[in-house]
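Visitor: I'd like a close look at a single part of this one: the inside, and whatever goes around it. Take your time, and feel free to go residue by residue.

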Amino acid sequence: MRVIRSKAGKTLELIVELEGDVIRRIEISGDFMAHPTEAIEGLERRLRGVRLGEHAEVIREALKDVELIGITVEDILNALGEKFE
């Protein structure tokens with residue numbers, strides 16, 4: 001589990017299970033908001049089965065039309081990047 005604080009002061013929590021370099025399960029939560037609200041669940045589904053190193057493109061595509069309040073796409077990318085380094 002990885003917990004970070006965004007520049008806006010919100011909490012972003014990631015729980016990631018890997019099988020080799022493939023994301024098997026990921027949970028993204030925190031005290032931020034997303035519109036539409038189901039966007040984060042959709043992102044979690046899209047990341048399952050994605051190889052490390054390919055996750056950034058999936059995240060950017062999944063969130064391109066999503067309004068994030070309290071965190072940014074970069075916060076998620078940074079949290080995952082730090083997780084996998």
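Guide: Let's start with how much inside there is: buried residues make up 40% of the 85 residues in the chain. Keep in mind that this is a predicted model. A compact globule with 85 residues would have a radius of gyration near 12 Å, and the chain has 12 Å, so the two agree. Along its principal axes, the C-alpha trace spans about 35 × 25 × 15 Å. Take the contacts between residues at least 6 apart in sequence, and 47% of them join residues at least 24 apart.

Now for the parts list. The chain has three helices and five strands, and from the N terminus on they run β-β-β-β-α-α-β-α. Inside, the largest nonpolar core has 25 residues, and L12, I28, L47 and I59 are the ones with the most contacts within that core. At least two residues of this core come from each of β2, β3, α1 (39-47), α2 and α3 (73-84). Let's go through the sheet and then two of those helices.

The sheet is open, with three strands in the order β1-β2-β3 and antiparallel pairing. β1 (2-5) and β3 (22-30) are the edge strands; each has a single partner strand, so one side of each is left without a neighbour in the sheet. From one strand to the next, the twist averages 20°. As a reminder, strands of a sheet pair through backbone hydrogen bonds, either parallel or antiparallel.

Take the β1 side before the β3 side. β1 and β2 pair over four bridges, in the antiparallel sense, and in that pairing I4 is opposite L12 of β2. The two strands make a hairpin with five residues between them, and G9 in the turn has a positive phi of about 90°. On the other side, β2 (residues 11-19) is antiparallel to β3 over eight bridges. This second hairpin has two residues between its strands, and here G20 takes a positive phi near 70°.

Walk along β2 and you can read off its partners in β3. L12 has G30 as its bridge partner there, L14 stands opposite I28, and V16 stands opposite I26. So what does I28 touch, leaving aside its neighbours within four places in sequence? The list is L12, E13 and L14, plus I40, L43, E44 and L47. Of those, I40, L43, E44 and L47 are also among the buried residues of α1.

That takes us to α1 itself. Its buried residues are A39, I40, G42, L43, E44 and L47, and what covers them includes β3, β4 (33-35), α2 and β5 (67-69). After α1 comes G49, again with a positive phi, this time near 90°.

Next is α2 (residues 55-62), where H55, V58, I59 and A62 are buried. Viewed down the axis of α2, its buried residues fall within an arc of 100°, so they line one face of the helix. The background here is that an α-helix has 3.6 residues a turn, so residues three or four places apart point the same way. One of the four, I59, is also on that list of residues with the most contacts inside the largest nonpolar core.

Last stop: the loop between α2 and β5, where you'll find V66. With 17% relative accessibility, V66 counts as buried, since the cut-off for that is under 20%. Beyond its neighbours within four places in sequence, V66 is in contact with A34, H35, P36 and A39. A39 is one of the buried residues of α1, while A34 and H35 lie in β4 (33-35). For a sense of distance, V66 and G81 sit 15 residues apart in sequence and 21 Å apart in space, C-alpha to C-alpha.

Technical notes: Residues are numbered from 1 along each chain as its sequence is written. This is a predicted model: local features need pLDDT of at least 70, side-chain atom pairs count only at pLDDT 80 or more; totals for chains, interfaces and linings use all residues. Side-chain values use heavy atoms; hydrogens and water are left out. Two strands pair if DSSP finds at least two bridges between them. Axes are lines fitted to C-alpha atoms, for helices over the stretch in contact, and angles run from 0 to 180 degrees between N-to-C directions. Buried means under 20% relative accessible area, exposed over 50%, partly exposed in between (1.4 Å probe, protein chains only). The arc is that of the directions from the helix axis to the C-beta atoms. A nonpolar core is a set of buried Ala, Val, Leu, Ile, Met, Phe, Trp, Tyr and Cys residues joined through side-chain atoms within 4.5 Å. Contact means heavy atoms within 4.5 Å. The radius of gyration is taken over C-alpha atoms; the globule rule is 2.2 Å times the number of residues to the power 0.38.
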